[in-house]
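Me: I am new to this structure and should like to understand the terms used to describe it. Please show it first.

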Amino acid sequence: MIRSLPNSRTYTLGFKLYIILYFSFLFAPLLVTCILAFNDSQFPALPWKGFTLDWFLANVPGRVGIFHDRINLDSIWVSARVAFFVTILSTTVGTCGAFLFEQESFRFKQSLYFLMIAPLVIPGVILGISILVFSNSLGIFFEESWGLDVRLFGPGFWLVVLGQFSFISTLVTLVVSARLKKFDRTLEEAAMNLGANRFEVIWHITLKFLRPAIISGAAVAFLMSFENFNTTLFLVGPEATLPINLYLQVRDGSTPVINAISFLLILCTSSVALTNLYFSKKQV
Amino acid sequence: MKAFSGKLHIQWTLVCFLTPVVLWLSLLIVLPHIDLLLMSFRTEDDSGRLMWSLSNYMLFFREPIYWLTFVRTAVYSILVTFLTFVIALPVAFYITKVAAPRFQGFLTLLLLLPFWVSELVRVYGWMILLRESGVINHFLLKTGILDRPVEMLYNDVTMIMGLVYTSMLFMVVPLIGVLESLDDSLIEAAYDLGANMWSILIKIIIPHAVPGIVSGSIVVFMLTLGNYLTPNLMGGKNSLWFTEQIYNQFIASFNWNQGSAFGFLLLVLSSLVIWVGLKLTNQKLSKVVK
């Protein structure tokens with residue numbers, strides 16, 4: 001049954017087999033994607049035709065590696081910029097949210113809290129279309145009232161940032177709140193008694209305490225933004241983000257360059273995730 | 001005087017924290033959804049002017065392709081949620097209760113890793129494995145089990161598997177959370193009193209795990225219902241997922257009013273199922289999300 005109880009051999013063995021199968025199921029697609037990034041073949045498929053780094057480095061007609069592939073490199077750059085702004089915005093607002101719901105009291109707090117977690121249960125596609133529709137309405141309103149043609153309201157870079165920010169802020173709020181709950185408020189009182197005002201207390205004491213949570217919230221925000229597809233799909237303009245760009249390529253047939261990008265993505269995201277985990281473990 | 005200034009400061013911090021949060025929620029959540037609702041009740045008349053009408057919703061009920069896709073998406077999402085739970089429970093149980101404690105951290109980490117990678121990469125991996133020229137077909141042909149390749153993509157079973165795979169993490173993590181807090185001695189006591197595995201599962205483990213099951217199910221259900229990528233790439237033309245209807249109305253037909261109506265129906269369905277789930281199990285959303 002459990003560790004401390006006697007278990008039959010078949011039970012233990014069966015359970016182990018199940019777990020091994022489960023992990024193979026989990027890792028098989030990633031492993032195959034990575035391996036085929038190094039296959040010397042025009043298609044991301046077996047048979048194995050030898051090891052090559054062409055899909056990363058080559059720059060000859062018919063075989064352009066990722067490091068020379070303008071379209072994909074551009075989309076990586078777009079994604080990185082989107083993720084940067086989403087991270088800054090959602091970390092700031094998420095931290096404000098954590099303070100608001102943990103330390104302040106005001107009327108309608110419960111209703112506002114409910115509203116704050118709503119983005120987690122609204123499908124991403126719906127978030128995308130509602131923001132698209134609303135910004136379009138705003139654009140029409142501005143144009144008809146003042147004759148202003150505001151580019152910001154059309155699908156494009158900033159709309160993608162806002163769309164992703166709308167639900168990623170909730171995640172950051174929850175991550176930071178979890179740590180703020182553990183904060184010993186007598187520390188604040190002590191600082192107040194020593195003459196600090198509320199802002200000084202927050203800046204010098206509470207934010208210091210929250211730093212690990214804010215960093216890990218920011219890391220989560222960056223990764224979530226970098227890989228977001230469903231919300232971005234409806235808000236994207238001429239500058240495609242990486243997931244959108246990859247989707248278009250995968251839909252219309254694929255080359256090992258996609259494997260090469262996937263390999264780099266797997267490498268980068270797992271190192272960000274692992275570093276994040278390492279530091280959050282250390283801080284506890 | 002002192003008390004007065006203290007009170008004033010607290011008010012100022014409240015304003016500082018409240019403003020960004022209220023701006024965020026009103027401009028990006030509340031107003032867009034109100035606009036979406038209004039949009040769904042408008043339609044163009046013959047001369048191209050917008051007017052109020054129910055025709056977008058009427059069309060949904062009149063055309064079987066729309067409401068059948070809707071029902072199909074709902075039923076499959078519930079099925080995916082259930083399958084995810086059935087597969088994830090033993091894994092969570094193994095990691096928290098059976099595996100040697102020194103492996104626990106490592107196994108949990110291993111579990112989380114694939115989900116940091118973009119959903120697109122994971123789906124792409126499955127496509128390379130399963131398609132007609134894919135890796136699995138290659139091995140089946142080599143070993144002589146098959147004599148010609150079989151297309152394993154673009155059917156319902158594959159699509160369901162892909163959806164289960166995609167949302168697995170959001171079930172396993174809450175389950176690990178609740179099972180960690182389950183006291184081993186309860187299981188030991190039941191065992192000593194002669195309970196078998198099945199009754200321990202039904203009478204002790206599952207009742208204790210309800211909060212985790214509910215929060216995992218809500219997230220998995222919502223993500224599956226709103227997924228566009230996996231049904232589209234793994235189910236192909238036969239996937240008939242409702243988000244694709246929304247996409248078609250918005251991007252292909254450019255009929256935003258119709259698309260808004262579909263979007264709103266999906267939102268109502270998702271909220272309704274989540275609400276029923278919470279009511280049935282006597283949980284609160286604010287508790288479950290944590």
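Reply: The questions and replies below set values against definitions.

Reply: This is a predicted model, in which local features need pLDDT of at least 70, side-chain atom pairs count only at pLDDT 80 or more, and totals for chains, interfaces and linings use all residues. Residues are numbered from 1 along each chain as its sequence is written, chains are lettered from A and ligands numbered from 1 in the order in which they are written, and side-chain values use heavy atoms, with hydrogens and water left out.

Me: Why is A:Cys34 not counted in a disulfide?
Reply: A disulfide is a pair of cysteine sulfur atoms within 2.5 Å. The closest cysteine sulfur to that of A:Cys34 belongs to A:Cys268 and lies 12 Å away, so the two are too far apart for a bond.

Me: What makes A:Cys34 count as buried or exposed?
Reply: Buried means under 20% relative accessible area, exposed over 50%, and partly exposed in between (1.4 Å probe, protein chains only). A:Cys34 has 15% relative accessibility and therefore counts as buried.

Me: Why does A:Cys96 form no disulfide?
Reply: Its closest cysteine sulfur is in B:Cys16, at 7.8 Å, and is therefore too far for a bond. A:Cys96 is also buried, because its relative accessibility is 14%. Over all chains, the count is zero disulfides.

Me: How do you know where the domains of chain B lie?
Reply: The bounds come from an automatic or database domain assignment. That assignment gives domain 1 (1-39) and domain 2 (54-289) in chain B. Their centres, taken over C-alpha atoms, are 35 Å apart.

Me: What makes residues of domain 1 and domain 2 of chain B count as in contact?
Reply: Contact means heavy atoms within 4.5 Å. On that basis, four residues of domain 1 of chain B and seven residues of domain 2 of chain B take part.

Me: How much area do domain 1 and domain 2 of chain B bury between them?
Reply: Buried area is the accessible area (1.4 Å probe) that two parts lose on being put together, summed over both. Here it is about 530 Å², with 72% on carbon and sulfur atoms. Within domain 1 of chain B, the residues B:Leu36, B:Leu37 and B:Met39 lose the most area to domain 2 of chain B, together 87% of what that side buries.

Me: How many residues bring chain A and chain B into contact?
Reply: The contact joins 92 residues of chain A to 95 residues of chain B. About 8600 Å² is buried between the two chains, and carbon and sulfur atoms give 81% of that area.
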